[in-house]
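Subject: Structure for you to look at

Hi,

Here is the structure I promised to pass on. Please open it and keep it beside you while you read.

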Amino acid sequence: AERAAAQYDAAVNMTDRQGALMVLAGLPGAERTARLIDFYNCFQGNALVIDKWFALQASSLHPEVLAHVKALAEHPDFTLANPN
């Protein structure tokens, strides 16, 4: 988690951040939560990138992924109208 968090923090573009976040999404801990919040805050308003944010979490191997998906379905930015 520390290594993935460091990679996220050092990233200079969305793709690199997303790659590190993919790892973090499957892990429990503060590193995961902080980077998910940061990614959302950085790209809020960009529907395609936020869709990636949703997908990263929903497809993660996190032990509580089902609870996360249920919570994400209630998120104000979630819409079934986005075909992605």
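Below is what was found in it.

First, the ground rules. This is a predicted model, where local features need pLDDT of at least 70, side-chain atom pairs count only at pLDDT 80 or more, and totals for chains, interfaces and linings use all residues. Residues are numbered from 1 along each chain as its sequence is written, and side-chain values use heavy atoms, leaving out hydrogens and water.

Start with helix H4, residues 47-58 (helices are DSSP runs of H or I, at least four residues, numbered from the N terminus). H4 has 12 residues, so at 1.5 Å a residue it should span 16 Å (1.5 Å times one less than the number of residues). Its end C-alpha atoms are 16 Å apart, which agrees.

Several H4 residues are buried (under 20% relative accessible area, 1.4 Å probe, protein chains only), among them Val49, Ile50 and Asp51. The buried residues of H4 pack against helix H2 (14-25), helix H3 (30-43) and H5.

Now H4 and helix H5 (residues 65-72). Their axes, lines fitted to C-alpha atoms over the stretch in contact, are 9 Å apart. The angle is about 150 degrees, on a scale of 0 to 180 between N-to-C directions. H4 and H5 are therefore roughly antiparallel (over 145 degrees). Trp53, Phe54, Gln57 and Ala58 of H4 make the contact (heavy atoms within 4.5 Å) with Val65, Val69 and Leu72 of H5.

Last, Gln44. It lies in the loop between H3 and H4. The C-alpha atoms of Gln44 and Asp77 are separated by 8.9 Å, yet the two are 33 residues apart along the chain.

Best wishes

How values were computed. Helix = DSSP H or I, 4+ residues; strand = E, 2+ residues; numbered from the N terminus. Parallel < 35°, antiparallel > 145°, perpendicular 65-115°, else oblique. Buried < 20%, exposed > 50% of the residue type's maximum accessible area, 1.4 Å probe, protein only.
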